[in-house]
Amino acid sequence: MKWHSIRMAACATAALLTISTTAAWAQEGKEFFNGKTVNYIVATGPGGGYDTNGRLVAQFMQKYLPGSTFVVQNMPGAGHLIGANYIYASEPDGLTFGTFNTGLIYGQLGGDPGIKFDLADMSWIGKVASDPRVIVVTKESGIESYEQLKALKEPIRFASAGVGSASTIETTMLVKALHLPIQIVSGYNGSDDQLAMRRGEVQGIIASRSSFQQFVDEGNGRIIAQIGGSETDVPQLASLVDDEDAKKVIALVASQSNISRLTAGPTGIPEDRLKALRDAYNAATSDPEFLEKAKSLSLPVDPKVGDDVAVTVKAALDQKPDVVEFLKEALLSRN
């Protein structure tokens, strides 16, 4: 009986130690950020959807990591490649992470030599939105439908962001797959593309719907087709084409709409700190004030956190060889 009591006491003590250690780890994860400066990298210039989303996320993550100070640092260049490489190469202490566009998934699939990261291996914190792609044309272009665009005898100019960006890669793939009469003009970052459309430098763009909804609502352009999403006010591009290879490319682009406005850090952030960051992200993106601000800015909110995002990213990287080959051909023709 005596030994039984001793054994029971030892088990109870071990259980208490396990509980207290787990609680201490959780506390340590959150407490680590108290008094620390967190660098939130936005891999594009000021203005535009990525910058707006990134700053809103940083503002509210700071709220849920008491004592922390978030500093947003814009790091544009090479279609978000510079910023993403910087994030991946950073010290994995939980103090540097940020946002970049999904075009880097295309770059990794295509074997871009400038990529110094593995997206499947990053410390995924969350994603804010699902954001369908749309084909937008200016009112001055006179184009009112996809069929009218397709039938043009002379090419028109479409804006895109830097080389390597989702904007440039998706536009290049779709123009090639659908044989569209479009000349791609890259280098428009932030809100430069909308200014260029207003000035008449370019007549259209393939971009995220959230970035151009206000532009369209203000009467500056019209959406003639959509890729992904559940809206029914414009036709889905896939319903307007018959070619099966083209449909595969459209499906690849549609897969990117499910993982918009990502936040990730370098590989190897300690588990307790990564959990604290994910918890803060979850709290931030469900905060009523965050949701109200996002609504006022016309930013879609459909968040996922942590491993759910990692699974989605890995699925997007898992493409059939024929689709990857088409992507590589599109990237080569772009260059």
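Select Gly 126 and Val 305: Val 305 in strand β11 is the bridge partner of Gly 126. Strands here are DSSP runs of E with at least two residues, helices are runs of H or I with at least four residues, and both are numbered from the N terminus. The model is predicted, so local features need pLDDT of at least 70 and side-chain atom pairs count only at pLDDT 80 or more, while totals for chains, interfaces and linings use all residues. Residues are numbered from 1 along each chain as its sequence is written, and side-chain values use heavy atoms, with hydrogens and water left out.

**Strand β4 and its partners**

Now colour β11 (residues 304-305), which pairs with β4 in the antiparallel sense over 2 bridges; two strands pair if DSSP finds at least two bridges between them. Next, show strand β10 (residues 260-265), which is antiparallel to β4 and joined to it by 5 bridges. Within β10, Leu 262 is the bridge partner of Lys 127.

Is β4 enclosed or open? Strand β4 (residues 123-129) is largely enclosed by the rest of the structure, because 7 of its 7 residues are buried. Buried means under 20% relative accessible area, exposed means over 50%, and partly exposed lies in between (1.4 Å probe, protein chains only).

**Thr 99**

Keep Leu 262 in view and select Thr 99, in strand β3 (residues 96-99). A polar atom of the Thr 99 side chain lies 2.6 Å from the backbone oxygen of Leu 262. Thr 99 counts as buried, at 3% relative accessibility. Not counting residues up to four places away in sequence, Thr 99 touches several residues (heavy atoms within 4.5 Å), including Tyr 40, Tyr 50, Ile 87 and Arg 261.

**The open sheet**

Move on to the 5 strands that form an open sheet with mixed pairing, in the order β7-β6-β8-β5-β9. At its edges stand β7 (182-185) and β9 (221-227), each with a single partner strand, so one side of each has no neighbour in the sheet. Strand β6 (residues 156-159) pairs with β7 in the parallel sense over 4 bridges. Here, Ile 156 stands opposite Ile 182 in β7.

Add helix α6 (residues 166-178), which lies across β5, β6, β7, β8 and β9 and runs at about 165° to β7. Axes are lines fitted to C-alpha atoms, for helices over the stretch in contact, and angles run from 0 to 180 degrees between N-to-C directions.

**Arg 209**

Finally, select Arg 209 in helix α8 (residues 209-217). Arg 209 is buried, with a relative accessible area of 8%. Among the residues that Arg 209 touches, not counting those up to four places away in sequence, are Asp 131, Glu 231 and Asp 233.

Notes:
Polar contact = N/O pair within 3.5 Å; in protein donor to acceptor, adjacent residues only side chain to side chain.
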